[in-house]
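Here is a guided look at one model, starting with its sheet and then moving through its helices, core and aromatic rings. Keep the view open as you read.

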Amino acid sequence: MSGASGAIDLSTLTAAHIREGIASGQFSAREVLDAAQTRIVEVDERVHAFLQLTPELAEEAAGAVDAAVASAHQAGLDPRDTLGPLAGVPVGLKDNMNIVGTNTTAGAKILENHVSVYDCTAARRLLDAGAVLVGKCNLDEFAFGSSTENSAFGPTRNPWDLERVPGGSSGGSAASVSAGEVVISLGSDTGGSIRQPGALTGTVALKPTYGRVSRYGIVAFGSSLDQIGPFGKTVEDCAMALQAIAGPDPMDATSAVEPVPDYVAAVGQAAAGGVKGLRVGVVTDLLEVEGLAGEVRSLVERAASVFGELGAQVGEVELPSAEHGLSAYYIIGPAEASSNLARFDGIRYGYRAHNPADVLDLYMRSRAEGFGPETIRRVMLGTYALSAGYYDAYYGQAQKARTLIKRDFSAAFERFDVLLTPTTPTTAFKIGEKSDDPLGMYLSDYYTIPVNLAGNCAISVPAGLGSDTGLPVGLQIIGDYFAEETVLRAAAAFEAAVEFDSRPRIRG
């Protein structure tokens, strides 16, 4: 846990290790924060995971944890019984989540100087559990992208190879965990924006069921698709984070009232009982997709064998409508985005064009100058799909395809408890490689998008390093609605069997 000099090595610590170490007096929350801040100084100029650091908020939170430990001792209590479940754990937030005392830019010039005036519920719950906010993480502008190259503030780089992308749109959140700058981070997932960067950076990345986590306080992209979820170095990290942020929220009418199970216990069940008897379906038609790299396919097929060796009942299943997911998503997502982004007009907050001729000129120039190319592309696509004469032909048809995808998943879960697919078709590609090829970029989310359209939960867990590139490959484990316990149990058992080393040696 500590290096030769006695300094804390954050790359070796999980959330559970940190809480236990603080409670036992092995180290203080302040020392853990120092380790995180030192690591950021060492690597973030190259990685660029963060858009904003929050040292004052972090020091206040770490001080509160250390004061709570001292108070417990004074009262004759064991701090293990009194500390928050994430006490002292350094965390990052995707910069589309509002927290009072921070800027929230969503990676966009039009919100460059926007100051949060209220809290994102999920982010606040994470901090209320004792987590220490280190900073706000980079992202594709308004979460529109698969590489974090679309940020108005420059790209984030993959800690495994600085010449490659970390995925997107939550690339900064993924990279901050992968690079050892924080232990847990939150991202948002509209079409794969948690799981895809998780796969490319060798981190564990969880998208909960739609409604399991409140969306209140996030800069909205697609309101029927968005879901907040965690990145961690381990499945247990993600389980602990989900435990803190899950549950209904009166501020979000789409949040579910389903009871919140003990997710950490589910990980413990995997350690105790494994996955013996679990019904695991390998989605075979998605292993025949053009563009799927051989090194990715071989590791996913190996993962299926691992589950069989662990005692699971492994079979084959198809999702025939999943091939329409990409087309449906790039109508539904932009349509919802065009509506959500109408509020950014240069009037109430954010960037405002200088010396406009009139109100119409103010609107047009503020949006043209404040929005990046990908944002403009998606707003135009969405507005077109919703326009008179085209609504039924495009948006209506996309919603029908969405219904078919939901039915395919429902049928599959009558036979299986979890489904296995690749998370991404390839390992991390080079920065700039797909910048001029939007369709090629969109294909990065081929395997993740159907899950968002259906609303199911899914996790990406490292399956190993590709034989050709030596870069991380992600295995996607998909569960039924509100089946996060089962997904976490399966992921934890697989993680233990594979023993993936999540620590990259930053190079490039």
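In this predicted model, Val282 faces Glu316, a residue of strand 8. The two strands involved, strand 7 (residues 279–283) and strand 8, run parallel and are joined by 5 bridges. Helix 5 (residues 171–178) packs on the sheet, where it touches strand 1, strand 2, strand 3, strand 4 (184–189) and strand 6 (227–232). The direction of helix 5 makes about 155° with that of strand 4.

Stepping back, the sheet is open and has 11 strands, with mixed pairing and the order 1-3-2-4-6-5-10-11-9-7-8. Strand 1 and strand 8 (313–317) are its edge strands, each pairing on one side only. From one strand to the next, the twist averages 30°.

**Around strand 3**

How does strand 3 pair with strand 1 and with strand 2, parallel or antiparallel? The table sets out the two pairings.

| Strand paired with strand 3 | Sense | Bridges | Opposite residues |
|---|---|---|---|
| Strand 1 (residues 50–53) | antiparallel | 3 bridges | Phe50 and Cys137 |
| Strand 2 (residues 90–94) | parallel | 5 bridges | Leu93 and Lys136 |

Between strand 2 and strand 3 the chain passes through helix 4 (residues 121–128), and this β-α-β crossover is right-handed. Strand 3 (residues 132–137) is largely enclosed by the rest of the structure, because 6 of its 6 residues are buried.

Helix 4 has its own buried residues: Thr121, Ala122, Ala123, Leu126 and Leu127. These pack against strand 2, strand 3, strand 4, strand 6 and helix 7 (235–245). After helix 4 comes Gly130, with a positive phi near 105°.

**The nonpolar cores**

In soluble globular proteins, nonpolar side chains tend to be buried together. Here the largest nonpolar core has 151 residues, and the members touching the most others are Leu86, Phe142, Phe307, Leu419, Leu475 and Ile477. Which residues does Ile477 contact, leaving aside its neighbours within four places in sequence? They are Phe307, Val418, Leu419, Leu420, Cys457, Ala458, Ile459, Val461, Val487, Ala490 and Ala491. There is also a second, separate core of 7 residues, including Val165, Leu200, Phe429 and Met441.

**Aromatic rings**

A pair of aromatic rings is described by the distance of the centres and the angle of the planes. The structure holds 16 aromatic pairs. One of them joins Phe142 and Phe344 in a tilted arrangement, 5.1 Å centre to centre with 35° between the planes. This pair links distant parts of the chain, 202 residues apart. Phe142 sits in the loop between strand 3 and helix 5, while Phe344 belongs to the loop between helix 10 (325–340) and helix 11 (359–370). Both Phe142 and Phe344 are buried.

Tyr391 and Tyr395 make another tilted pair, with 5.1 Å centre to centre and 45° between the planes. Both lie in helix 13 (residues 391–415), where they are 4 residues apart, about one turn of the helix. Is each of these tyrosines buried or partly exposed? Tyr391 has 38% relative accessibility, so it counts as partly exposed. Tyr395 has 13% relative accessibility and therefore counts as buried, the cut-off for buried being under 20%.

Finally, Phe142 and Phe344 belong to one aromatic cluster together with Phe144, Phe221, Tyr349 and Phe371. Phe142 thus brings two topics together: it is among the residues that touch the most other members of the largest nonpolar core, and it is part of this cluster.

Key. Residues are numbered from 1 along each chain as its sequence is written. This is a predicted model: local features need pLDDT of at least 70, side-chain atom pairs count only at pLDDT 80 or more; totals for chains, interfaces and linings use all residues. Side-chain values use heavy atoms; hydrogens and water are left out. Buried means under 20% relative accessible area, exposed over 50%, partly exposed in between (1.4 Å probe, protein chains only). Two strands pair if DSSP finds at least two bridges between them. A crossover is right-handed if, with the strands pointing away from the viewer, the path from the first strand over the helix to the second runs clockwise. Axes are lines fitted to C-alpha atoms, for helices over the stretch in contact, and angles run from 0 to 180 degrees between N-to-C directions. Contact means heavy atoms within 4.5 Å. A nonpolar core is a set of buried Ala, Val, Leu, Ile, Met, Phe, Trp, Tyr and Cys residues joined through side-chain atoms within 4.5 Å. Rings of Phe, Tyr and Trp (its six-membered ring) pair if their centres lie within 6.5 Å; planes under 30 degrees apart count as stacked, over 60 as edge-to-face and the rest as tilted.
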